[in-house]
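Here is a short tour of charged side chains, meant to be read with the structure open beside you. Let's look at who pairs with whom.

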Amino acid sequence: MSSFRPNSQAPKGYIPGLGRGAAGFVTASDIGPAAARPASDADGTETLVGSRSAELRAAKLAMQKAQQQRQLPFGQAPKGYVAGAGRGASTYAGDNDDSGPTGGDVMEGSLFGGKDQQFDDDDDEADRIYDAIDERMSSKRRKRSNGEAGGNGFKGEASAIGDQFRELKQKLADVTEAEWAAIPDVGDYSLRHKQKRREDVFTPLTDSLLESRSKLGSDATAGGRNVVLAGTTTAADGTVTAGFRTNLSGLAEARSTVMTMSLDKMSDSITGQTVVDPKGYLTSLSSVKIASAAEVGDVNKARLLLKSVRDTNPKHAPGWIAAARVEEAAGKTVQARKLIVEGCETCPDNEDVWLEAARLHPLEQAKTILAAASRRLPHSVKVFLRAADLETADADKKAVLRKALEANPTSVTLWKAAVDLEDEEDARILLSVAVEKVPHSVEMWLALARLETYENARKVLNQARKHLPSDRAVWIAAAKLEESQNHGEMVDRIIEKAVRSLDKHDAVVTRSQWLQEAEAAEVAGAPLTSAAIIKCTVGRGVDDEDRQRTWSDDASAALSRGAVATSRAILAHSLATFPTKRSLWLQAVDLERTHGTPSSLDEVLAAASERLPKQEIFWLVRAKEKWIAGDVNASRNILTEAFKANPESEPVWLAAVKLEWENGEIERAEKLLERARERAPTARIFMKSALLERERGNFVTALDLLEEGIEKYPTFAKFYMMGGQICSQDLPKDRSGLDRARKFYQRGLQQCPKNVVLWCLASRLEENVAEYGTGSYNGVTKARSLLELARLKNPKSDGLWVEAIRLERRAGNDKLAISLMARALQECPSSGLLLAENIMTAPRVEQKAKSADAIKKCPDDPRVITAVAALFAGERKHDKARKWFERATAIDPDIGDSWAKLYAFELDAGTTETQENVKTRCISAEPKHGELWCQVAKSMSNRGKSTAEVLDIVARIILDKMQQLN
């Protein structure tokens with residue numbers, strides 16, 4: 001049963017946890033030589049003094065001693081007492097603390113022995129073995145202890161640090177007061193003194209103080225004194241090194257000092273006169289390179305690295321060259337020359353080292369170096385070429401090259417250099433020798449052939465062909481030679497023979513290479529040779545089903561590279577193979593129209609008309625070209641032949657009528673139309689017949705022809721338009737004419753309800769009804785109702801919406817027009833016509849926003865782009881306006897309104913050159929559409945006018961509208 005009581009008092013000397021081994025911390029200093037020495041008490045027990053851990057250890061020993069006394073009621077056993085020895089137990093005795101069977105020096109008794117304690121031989125042997133082991137272990141411990149003591153400078157047992165200095169401490173008693181005073185102070189080596197000192201901290205000055213100091217400094221500088229702001233440090237040369245401003249006068253003085261020192265160094269020490277070149281002095285100063293610390297470090301690293309390379313492999317020539325160039329880059333030219341000379345001695349068989357040495361040395365020394373190099377390396381072509389370049393006189397260069405040719409007779413490069421220095425006769429002689437020495441060089445043969453006469457050139461090329469049977473350049477040169485002598489028939493024969501010969505000798509020449517040779521021949525001025533090459537090689541490696549497409553692409557590609565003759569030859573060969581392909585003939589016509597002559601164009605058109613007589617376009621284009629050229633009779637003859645081939649062709653009949661009509665032959669045109677109505681009656685022929693009569697003033701005849709045409713072709717809307725216009729515009733403006741015009745439009749709307757133009761014409765007729773003597777009758781209401789009916793029958797028609805909006809604006813109903821525009825944009829949100837109208841009629845403050853919205857919806861509509869360009873023109877942003885107008889004409893060149901607005905803009909803000917440029921391009925484009933353009937061009941008063949004249953009229957109308965708006 002435990003003796004512990006919860007509220008009982010702890011016994012005297014109790015230390016909590018001591019029974020479980022709790023004690024103070026023991027550090028390395030307590031264990032090592034610096035541990036406290038044990039001190040003996042009066043009763044002979046040892047206690048540790050000198051540290052907290054020693055005190056704790058002493059307390060622990062005292063507690064153990066007290067506990068032993070309590071556990072031994074009979075007191076401490078006498079010295080040498082062995083428990084149980086009287087009962088026969090073995091007795092262990094020894095001075096050491098070793099425990100175990102062999103722990104003591106003497107083993108008394110046996111563990112299992114009786115009273116006699118007798119031992120046998122085995123026990124003796126075991127004792128001897130254990131004694132030997134104990135002796136061995138004891139010797140090791142003694143050696144270890146002696147070694148540790150000897151490492152600390154002491155023999156025997158390790159001693160404490162305090163004991164080591166005991167004698168010195170005793171000597172301190174003899175130190176005098178003067179010696180004490182002479183002992184120096186111990187320096188402070190703490191970490192805070194090893195840290196880098198911080199820079200001085202400057203407190204920013206106030207703005208007022210800075211301003212006052214700057215004023216003071218400017219005044220002092222004007223008076224000749226140098227002023228520096230507070231908080232700055234001025235160097236000896238007057239430069240501010242820290243602060244807010246640099247002393248410019250100090251810099252000037254420093255620069256003056258440096259220049260004075262430089263001039264003093266260059267002065268003559270005897271006469272005192274300067275030897276400085278005043279013209280080149282400043283230039284030489286600007287050429288001085290000041291290397292930074294980083295660059296110097298890089299150069300040093302490169303030197304060490306390249307030195308290692310040279311030491312490791314001294315025969316490595318690039319190492320010497322690189323080392324010399326490093327020194328050259330560092331400005332050490334003399335050292336670079338020394339290195340490269342050493343490299344020449346170490347690597348005498350490397351031509352690059354010699355060439356580098358020649359480059360680094362002056363001219364005369366370079367010549368000497370290259371002479372030595374040529375003796376060492378007689379087969380080095382580079383060395384001889386460099387030596388020839390260093391010579392200034394042509395005679396010396398020739399001498400060097402001839403010496404080089406003696407050592408290198410098969411070098412093509414040396415022969416070329418030597419030939420370039422000679423005149424024509426000497427060059428021919430040299431080349432005759434060169435082709436013997438270097439028969440495999442095509443360039444030598446061709447150069448010799450160019451210098452020979454025709455007969456000799458043929459012989460030279462024949463010899464070259466024997467030596468080089470697989471080279472196509474010789475054959476092509478022979479063909480060019482024959483072409484130069486106008487022997488066209490020989491060119492084809494030579495190229496054909498060349499192709500067969502190359503195939504025989506297995507020379508691989510691709511189709512693309514032959515095309516390149518053809519283009520090169522054209523550039524060289526040999527179009528016949530180019531055509532012969534195309535004729536013989538364009539079909540090589542092309543499948544039969546891909547020939548037309550491939551050849552057409554080849555012609556287009558050659559034309560894009562400027563090879564017109566090559567493209568023409570490809571098309572000619574294609575047409576010879578496919579004579580009935582309309583697309584190939586059109587491509588050939590475009591080529592001749594753009595890059596050919598009128599005669600070549602006529603030849604192609606004649607051939608196309610012959611091959612494709614049923615294609616009216618070739619007849620018509622040929623007749624038009626003759627008419628433009630002024631040959632009307634030839635144009636008539638061509639159309640006559642076209643009639644024979646196409647007796648019922650409407651385009652041919654109309655072209656013949658137009659030819660006579662435009663040339664003033666009205667009667668002949670009328671007869672042609674009459675014959676056309678009999679042989680090839682069409683709606684357009686009836687319309688042209690009525691138009692001719694209307695132009696002649698025969699309105700009744702014109703209306704009769706229209707009625708006849710309506711009977712045969714009731715759905716042709718232009719009959720009703722022309723009839724209504726004749727009745728409303730040409731006949732007297734009375735009630736009768738108004739009724740006849742209404743009848744024409746009504747009949748037309750019944751037959752053609754989807755035609756927007758008819759609805760617009762009928763609406764305008766009703767709008768202007770007051771002009772026909774109807775009194776005060778207002779036709780706006782009837783016109784509005786017609787347009788509403790038209791929109792019901794033709795939903796989402798932007799033209800009808802625009803007409804209705806313009807009607808309301810002409811009637812003064814701006815609010816209704818705005819409402820209609822909103823409805824129209826909801827129904828046709830992507831209509832360019834509506835968006836352009838919205839931009840032009842919107843208030844000025846809203847035009848930019850509406851323009852941005854229109855561009856987002858229709859970025860490529862020419863009408864929207866033209867409207868935006870007009871806004872830029874109104875803001876006098878001419879460059880932007882011109883750019884947008886040009887863009888509109890490029891998107892759709894067939895719209896005449898875009899050209900007219902661009903021309904009007906150039907008339908207002910451009911120059912004469914830009915105006916002529918626009919007019920020329922418009923004539924080439926021949927526009928046929930456009931709202932304002934068609935109104936002017938189809939007006940009876942403007943019949944027969946050219947494109948340029950119509951352009952002028954429309955542009956003037958646009959300018960007048962712009963002036964009215966402004």
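## Charged pairs in the model

At 4% relative accessibility, Glu592 counts as buried, because buried means under 20% relative accessible area. Keep in mind that this is a predicted model. The partner of Glu592 is Arg568, and the two form a salt bridge. Arg568 is partly exposed, with a relative accessible area of 31%.

Which residue meets Glu808 in a salt bridge? The side chain of Arg784 does. Glu808 is buried at a relative accessible area of 1%, while Arg784 counts as partly exposed at 23%.

A third salt bridge joins Asp554 and Arg511. Here Asp554 is buried, and so is Arg511.

The table sets these three pairs side by side.

| Acidic residue | Basic residue | Closest N and O atoms |
|---|---|---|
| Asp554, helix H25 (residues 547-560) | Arg511, helix H23 (residues 511-523) | 2.1 Å |
| Glu592, helix H27 (residues 582-595) | Arg568, helix H26 (residues 564-577) | 2.7 Å |
| Glu808, helix H39 (residues 798-810) | Arg784, helix H38 (residues 780-793) | 2.6 Å |

In total, the structure holds 50 salt bridges. Asp554 and Arg511 lie in separate helices, H25 and H23, so their salt bridge ties together parts that are 43 residues apart in sequence. Elsewhere, Arg325, Glu328, Glu356 and Arg359 belong to one network, joined by salt bridges that share partners.

Charge also gathers on the surface: Arg136, Lys140, Lys143 and Arg144 form a patch of positive charge there. One of them, Lys140, lies in helix H3 (residues 121-151) and is partly exposed, with a relative accessible area of 40%.

Technical notes: Residues numbered from 1 in each chain as written. Predicted model: local features only at pLDDT ≥ 70, side-chain atom pairs only at ≥ 80, totals over all residues. Heavy atoms only, no water. Patch = residues over 30% accessible without salt bridge, like charges linked within 9 Å, V, L, I, M, F, W, Y side chains within 5 Å. Areas by Shrake-Rupley, 256 points an atom, 1.4 Å probe, with all protein chains shown as cover. Salt bridge = Lys/Arg side-chain N within 4 Å of Asp/Glu carboxyl O. Lys, Arg positive; Asp, Glu negative; His and termini not counted. Charge placed at Lys NZ, Arg CZ, Asp CG, Glu CD. Helix = DSSP H or I, 4+ residues; strand = E, 2+ residues; numbered from the N terminus. Buried < 20%, exposed > 50% of the residue type's maximum accessible area, 1.4 Å probe, protein only.
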